[in-house]
Structure formats: structure tokens, C-alpha cells
Amino acid sequence: MPRRPFFRPQRHRGARRQPARPRYLRGAAPRETNRLRLTISEWRLALRIARRAVWRSRGTSLIVVLMVLLPVAGFSAAAVIIHSSLPTPSEKIAAELGSTEAKVLAWYPPDPELTQDPFDPGHVVHMSDDNPPDGRSPDDAAVRALFPPNTRIVKIDNSSVRAVTEHGVGEFPVTVGPLWDPMFAGRTHIVDGEAPVSDTDALVTPAALTRLGVRVGDSIRITHPVETNLTVTGVLSDAQNTADAEGIYLRHGEFAESIHADGATYFLPNAPISSTDLPRLNHAGVTVLSKQILSEATQADLADSAGLWRTYGVVLTMAALFATFEIVLLAGAAFAVGARKQQRALAVLASVGGQKRMLTRVVLAQGIVLGGLGGLAGTALGIPLAAGYMSWTDDGSATQYWGFHVSPLALGGILLLAVLVGLISAVVPARAAARFDVLAALRGSRRPATPSRTAPRWGLLLLLLGTGATLLGAVTIPLFSWTETGALKGTALGALLLGPLLAQVGALFCGGVILRFVARVLSRLGLGARLASRDSAANTARSVPAFASVMVTAFLAVTAITVGSAMAAANDVRYTYQALPGQVRVYLPSDDGATPNEIADVVRADLDTSAVATFYRPLTTWDDSTGEPLSGEVVVPDVPTENRCPLDPLSPEYSDQASATQIDRQSRDWRCDPHAQDATLNPQPITVTDAAGLRAAYGDRLPQSVLTAFENGAPVATSRAYVHNDRVTLQWWEPDASWSDPDEAQSPLAEKTLEVVVATPPKPLNTRLFVSTETAQKLGIELQPDVLLATTDSEFTTAQIDALNGDLEAFGTSAMRETGPPQTMLYVIIATLLIAGVLFLCASGVAIGLSRADGRADDATLAAVGATRMLRRSFAFWQAIGLVAVGTLIGSAAGILISYGLTLAGATGAPEFSPPWLTLAALTVGMPVLIACGSWLVASRPAALTRRAAIG
């Protein structure tokens, strides 16, 4: 190596500086040999090209961004809403305990195996299988004995009273105890006025103040259980109350004792309770919510205690999986269309030395850019959407939305998911972009797609595997739920979740075969149908993702509607109706004061009724001083042993250990239906009425044959639980006999067997057997009035009920309006229908729009050869029918399949699979026709003819 000179020669002033020699002439190693730097530089170039390509093809890019934005916005809003529905430890302490140290509930009898959820005293994790020796929950003295003698304990009781309202008389819950004390700061505060100072002072909620029609300082008249006047000293706001909650708050005293308050809750202002104290208290039948234990918890602990994931985890996971699958399909279709539009630009890049991996990275980079844009926009949109939804649905309770919780970790994960979805969506178009013919792309020609021979085979295999996995998982989950084998149960759950996904992926692989079959069928329906169906079959790259996206949307919609309807039906079955929803029951007094006709006249005068029916029960006389029955009889229907559920110990098919066969039978056997089980375990005395009363009880939904049989003397049973060989056995019992306890070895006074007809009421009524008054007289049953049932064609208002109760005070009775169970699931179904409809229209519109955008040259060719506007409309109509109808039918079938599996697994709580067929038919038939008609309307002649690309 030559030696460097020890001095540097001077450069003359004004001499021009020579440019540096290239690196490859200086003997240095080229930078490109560094693989990492080469990869980074290529990705930088790919991202730069992708960013410019995204801007040039703004229409297609906007579709992809929207496809990512909409579900990401939904995911972000759902994440905020769910996190806001779960409390932080400090929020739960404030709303539940205020400034106290613990809340104590004495709800259970002493049990050495009783174990509570440490964050929810109302949820018991484990109890003894055998009944404890002492079957009573701890009383006040027993609870206080569990703590040191000097421990301060504040007792809060609950009761109810009837008070005079602005329009009449109403029922109000009463809370007895100093819930307004500063120790409850954070949970309660006095909005207006002052705290009570005597036992005749009261605080009321804002809603109660409005209904009572009074102001602070006025008096309210209590009419039951004792008559007195209470002075309203202020208005109290309780964090656990909704905005429309009506309540009265009193001090402990003489009046509080006279209304027989019970259901006590104990608060410990100064006695901390640690987790080591829980076993001792639980074994005594006491559960505790402790400030010290809550302070050591995390929001994740409270979320797990709430059971949100255990209850809705399957549904949320399934919705997330299929929503992501749909994004990938739609975005992938849009990428495919965009990549074909960029073939010439990609060909130019390849012609100047761009390698295949560079072309692939350019398309993948577009997926990253568009996924990131959609994720950022969706996340930014989801937060205000969540805020708007929470504001719209807020009921005023601090325990519905504990706060506005925005989790950066959850939103960051959703944003990362959006980028990954964009990247995954671009994988197939990127592979196709690296394998096209460069010369053909530069010439502007393209070849028709060649159908794959292996894809349908794999598709059929996946279709069969997915269907089998779904059914297998549904059948096996109930079996494993009674065992300790968590791995097998998790495998069955995974099969139930992944089965429908595999089935739809299989349908996607078979898409070309399906579209070619549809083309053969539709080709016979005219020229427009022939052109549209063949165009879809020939361009599977855009047609298959289009119908697959509709398929996934239909699957999600059908699954949500079917499962929601099943859960609503199960909730409805578990609720025992005293009357049909909207009807009013008036309890008839047992004394000889007023006749049923006189009370019925009052009901007709106060309510706009369409019918008022009277119901009777067997006469029983009670001793007013001792409360013991003096004379009379109880007539109840007998339960044949063969009608008892096999899991009932009194059933001849019962065994000590519930086998898999019995457990499976419980979900299929009508005898194990909740209503039938309640009828067999809790038989009720007969109800006697006439034909008008029977029609009112069934809401005028009785066949004429049932009415005729009833008028001819046959009783009408609401359940098959009492019927054997079309006959029912009536049993006469003494009033003090254990006629409702089948474990007691007693015999009835008499029995009588009658022919019976079974008529299932619209709602599961508390009444088991209706007997006509003529039949009761023939059987020698003495009757006494029981209730009046008022029916209206409209809805009774609260003011009307208050006015009626005010007039019924003179008769010593009251009225009750049947509202049924909370209609939460109904609101969920309605919201699901609206969301599903929007998603259906969006997915279908995007899918058809992509198909039409990709086939614009074909439209121009049709116009060039003289195609009429009606032919173009027919083309658009039948293309929508071919894509949307096929996707809807396949997705609906998959949705019904998974719903059936969830019903078998017991996830819906419904005893049998009974989807709303009318609603599903409207969705699967009406939506494709609606979208096809819309496609027919918007189809028009192209504004300008374009050159048809060469085929070669």
C-alpha cells in the first residue's frame, strides 16, 4: 500500500472543486450489501410510492379507508363503552360505600362452605350442596355479634308505602336509615333542603317529588300500611338510583317500625375488613364489600368479577372475528381492483429494474398506509360516538356508566389491528401484482382468469369441516360444562367459534363454482341476466370477495337476530306473569264490604277499559288474630310422576348422579322446560272464571274449540304438566296441609278426574288451571272473589293507575299494572336490526360498486355496440341479485347453523331452537331485492365511451 504524503498540497484559490468519485470507484463496499439497510430503503421507497398511488386513486382508496374506518370506529366505541361500564376501584368505593369501610349483607344461612366473590357481595361462588342445619339467615343480633362490641354499625332497611300522589295514590319504596349522613359522601348528597330531624320527616328523590306533586316543606299523606303525614325536608340524590327512580328516605323511629322494614344492609364506618376476615364472615352467612379489599384490586379484577366476558365473551369474540374477516374481504376486493388499475404503473416500475419483491412491497405498503389511515380516523371517530351513545342511553345512575374511560392500550391495540387488517387485505393482490405479464400490462391487455381446480376441493373440505366442527362443539359443550376438564371444554368452544368461519372460508374457495352454477340458472331468464351472471362468473377476482362480504354481513345479522331473540324469549319464559303485559289486576278484598261489581264500576270509571273480568278462588276462612286457617279447602291439580323432568328427584327416571343423557334431555325434553318445571315444583290452586275471563286471560287468542270445551265443563290447562291421557286430576286439601310440598307424606281429602284441554297462553301465566264457574258449582267448590282483570286497547298511564288506587282506598284494595320483564334484549334486537341493515346496505353497495368500477370498460363496450338503457338496468339488477342473493343465502344458512349450535350449547338460555322466521325471511329475501332495485335505479348510460382494453 503506498504511503500517504506527510503534507497536503495546497489548492489554488479559484480552482474548481472536483466532484467526489463514485463509491464503486473508490474501492469501498457498496451500501446495498447491507441487507437490513437495503430492506429499509426499499420499504421507504415502497411507502413513498404507495402514498402517491393512494392519492392518485382516491376513489378506490377512500373505499378501503371507509371499510377499515367503520368497524374500527365501532370497535373503538365499543371499547370505550365497555370500559366505561366497568368501575375503577375508587369509583366503586364511592358509589357503593361512600366514606364507610364496608357493607355487610346477611342474605344466606350459616354454611361452612359458603364463599363469596370478594368484589361482589351479592354473588356467591360456592355453597354447600346440602341444606345447612340452620335454614335462617342471621338476624340483627347475630350480625352485630360477628364484630367487636364497640364497632359502630349503621343499619339501612327497606320497605314500601302507599302515598297520595298528584293524581291519586301510588306505591313508593322506602329506605330507612341515615343514608344522607356525611359518611355516605360520594354515594348520596342532598340536592335541596335539609336532612330529617324527626321520624316524621322525609327526603325524596327528584322523580318522587314530581309524582307526589309537592315541594320541599310540604307534607305527603301516607295511606298504607299506616296512615300518617310526612314532611318533605329535602331532595336526596343517590348515585345508585336512575333518574326516574322514585323513593322516600326516613330515619329509624316509631313510624319506620310500623311499616315493617326489612332487607337490612349494614355499613361499618370505622371497621376495616381484610380478605382474611372473609372466610369467618362467609361461614356465618354474611357477605361483605370491603373498602380495603377494593383498594387492592384493579379494574381488570372488577371486570372479571362482573362476569362480562363469561357472559358475552363468545358473542364478542365471534363478532370481532367475523367483522375482521369482512373487512379483509371488502378491503381485499378494493385492493384487487386498485392493483389492476395500477398494473401499467407497476409494469413501468418492473421495466426499470424493480424486482418482484419490490412490486409486492409497493402493494403491501398501500395496505399499511390505508389501514393506518382508516385506523386513525376510526379511532378518532369512535370516541365521540361512544360519548354520544352514552349520553343518549344514560339513565342517570352512576353504576351504569361509572365514568368516561378511554383506554390507550385498548385503542392502540385496535389501531394496530387496523394496520394488520390493511396489510393482510393487500397480501393476495400483492402476490398477484408480482406475477403479472409486464409486456401485456404495458400494452394494456389482460387475460381472462383461469378457474382453479384445487380451490373448490379445498373449499368443499373446509365447508364440511366447519359444519361438522360447529355441530360437534355445540353438542359437546353441555357435556363438558358439568366436568372439571377445562381443556376439552375449551376445545369444544373453539370448534363452535371457528366452525362457521371455516365453513365460510370454504364457501369463499368454492365461490367460482357457485357463481358458475348461478350463471347457468340465471342465463335462462333473459339477456340482462345472462350477461350479468356470466360477467360475475368470469371475473371471480372481484365477484367472489363481493358476495363473500355480503355473506359475512348476512351471517352476523342472522346470528345476532336469532341469538338475541332466543335470549329475549328465554328471559320472557323465566318471568312469571300475573297478567298479560299492559293489563291491570285489582285485588278483591275477602270481607263482605264491596261486591266485585261495585269495584268493577270504579275500574271502568277510572280506566278506559275494553273488558273487565272477574276471577274466583276456593273459599278459605282465616283467623284474623292468629293468621291460621279456620275452614275451607284448597283445590290443586295433581302432577303425574311421568310428567316430571328426569332431573327432578320425584321423577321415576331420576338418578343420584346426573348423566350426560339426562343433561342433554334437559335441553330437549318439554318436561324440563322452565315453565313446566315451575308448574310441577310449585303447583297453584285452580282459578275459576267464565268465558269472558278466559278470553281476557289469553288476550282473545283462544281457538273457538277451546272456548266451546270450556263452556261445556272441561278445565283449560296452561301447561301439559298436569295432563295425562287428556285428563286432569283435581285434589282437595286442607288449607294448612303441605299440599305444595311433594316431600311431605300426606294424602288429599278427595280427588276428581276430568277431561281437560291444553292451551298455551301468550305469556307464561302464574295460573295453572282455569275452571268454569258452572263446573266449580257442580264439584261443590265454594268460591270467593280473587281479582279483577282490566284490559284496554291502548296503554294505561301512571296517572290513571294512581287515580284508580286513590278511589280503591275506600275499598281497602289496590291495582297493579303488569309490565313484564325488562325489555333490554328487545332494545338490543332493534339496535342489531338497524346496525345490520346499515352494514348490509354498505357492504352490498361497496361490493357492487367495486364490481361496476372494475367493469366500467365492459359497460362502455356494451354501450358502444348499442345496448339500451333498459338492458344496462337489467344487467345491474341481475348482477346485484346474483351477488347479494347468493351471499345472503349462504351467510343466513351459516348464521342459522351457529345459532342452532349455541342453542344446543345452552348459551342462549332458550329451551328450544325457534328463530324468528318472518324476520329472517324479510332479511334474506327483502334485502337482496331492495338492493337489486336500487342498483336498477342508479344504472345509467356511461357519459363517455372509453377504449376497450385488448384481450390477448
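These questions and answers walk through a predicted model.

Me: Which residues of α19 are exposed?
Reply: Start with the buried residues of α19: Gly-511, Gly-512, Leu-515, Val-518, Ala-519 and Leu-522. They cover an arc of only 125 degrees around the axis, so they lie on the same side of α19. The other side of α19 holds the exposed residues, Phe-517 and Arg-520.

Me: What distance does helix α19 reach from its first C-alpha to its last?
Reply: Helix α19 runs over residues 511-522, which is 12 residues. At 1.5 Å a residue, 16 Å is expected. The helix comes close to that, with a reach of 16 Å.

Me: How far apart are the end C-alpha atoms of helix α20?
Reply: Helix α20 covers residues 527-538 and has 12 residues. At 1.5 Å a residue, they should span 16 Å. The model agrees, because the end C-alpha atoms are apart by 16 Å.

Me: What kind of aromatic pair do Tyr-389 and Trp-392 form?
Reply: A search of the whole structure gives 5 aromatic pairs. For Tyr-389 and Trp-392, the centres are 6.4 Å apart and the planes make 70 degrees. Planes over 60 degrees apart count as edge-to-face. So this pair is edge-to-face.

Me: Which helix holds both Tyr-389 and Trp-392?
Reply: Tyr-389 is partly exposed, at 39% relative accessibility. Trp-392 is exposed, at 71%. The two are 3 residues apart, so about one helical turn separates them in helix α13.

Me: What kind of aromatic pair do Phe-615 and Phe-770 form?
Reply: Their rings lie 6.5 Å centre to centre. The planes are 55 degrees apart. That angle is neither under 30 nor over 60 degrees, so the pair counts as tilted.

Me: How many residues apart are Phe-615 and Phe-770?
Reply: Phe-615 sits in strand β14 (residues 611-618). Phe-770 sits in strand β23 (residues 769-772). The pair links distant parts of the chain, and the gap is 155 residues.

Me: Are Phe-615 and Phe-770 buried or exposed?
Reply: Phe-615 has 5% relative accessibility. Phe-770 has 1%. The cut-off for buried is under 20%. So both Phe-615 and Phe-770 are buried.

Me: Which residue joins Phe-615 and Phe-770 in a cluster?
Reply: Ring pairs build this cluster. Its members include Phe-615 and Phe-770. The other name in the cluster is Tyr-698.

Me: Over the ring of which residue does the charged end of Arg-211 sit?
Reply: Look at the charged end of Arg-211. It is 5.0 Å from the centre of a ring. That ring belongs to Phe-172.

Me: Which strands stand at the edges of the sheet β17-β20-β21?
Reply: This open sheet has 3 strands, and the pairing is antiparallel. An edge strand has a single partner, so one side is left without a neighbour in the sheet. The edge strands are β17 and β21.

Me: What is the bridge partner of Trp-732 in β21?
Reply: Strands β20 (residues 727-733) and β21 run antiparallel. They are joined by 6 bridges. In β21, the partner of Trp-732 is Ala-750.

Me: What is the bridge partner of Ala-102 in β12?
Reply: Strands β1 (residues 102-105) and β12 pair in the antiparallel sense over 4 bridges. Both faces of β12 are covered: Thr-287 and Leu-289 are buried on one side, Val-288 and Ser-290 on the other. In β12, Ala-102 has as its partner Ser-290.

Key:
Residues are numbered from 1 along each chain as its sequence is written. This is a predicted model: local features need pLDDT of at least 70, side-chain atom pairs count only at pLDDT 80 or more; totals for chains, interfaces and linings use all residues. Side-chain values use heavy atoms; hydrogens and water are left out. The expected span of a helix is 1.5 Å times one less than its number of residues. Buried means under 20% relative accessible area, exposed over 50%, partly exposed in between (1.4 Å probe, protein chains only). The arc is that of the directions from the helix axis to the C-beta atoms. Rings of Phe, Tyr and Trp (its six-membered ring) pair if their centres lie within 6.5 Å; planes under 30 degrees apart count as stacked, over 60 as edge-to-face and the rest as tilted. A charge sits over a ring if NZ of Lys or CZ of Arg is within 6 Å of the ring centre and within 35 degrees of the ring normal. Two strands pair if DSSP finds at least two bridges between them.
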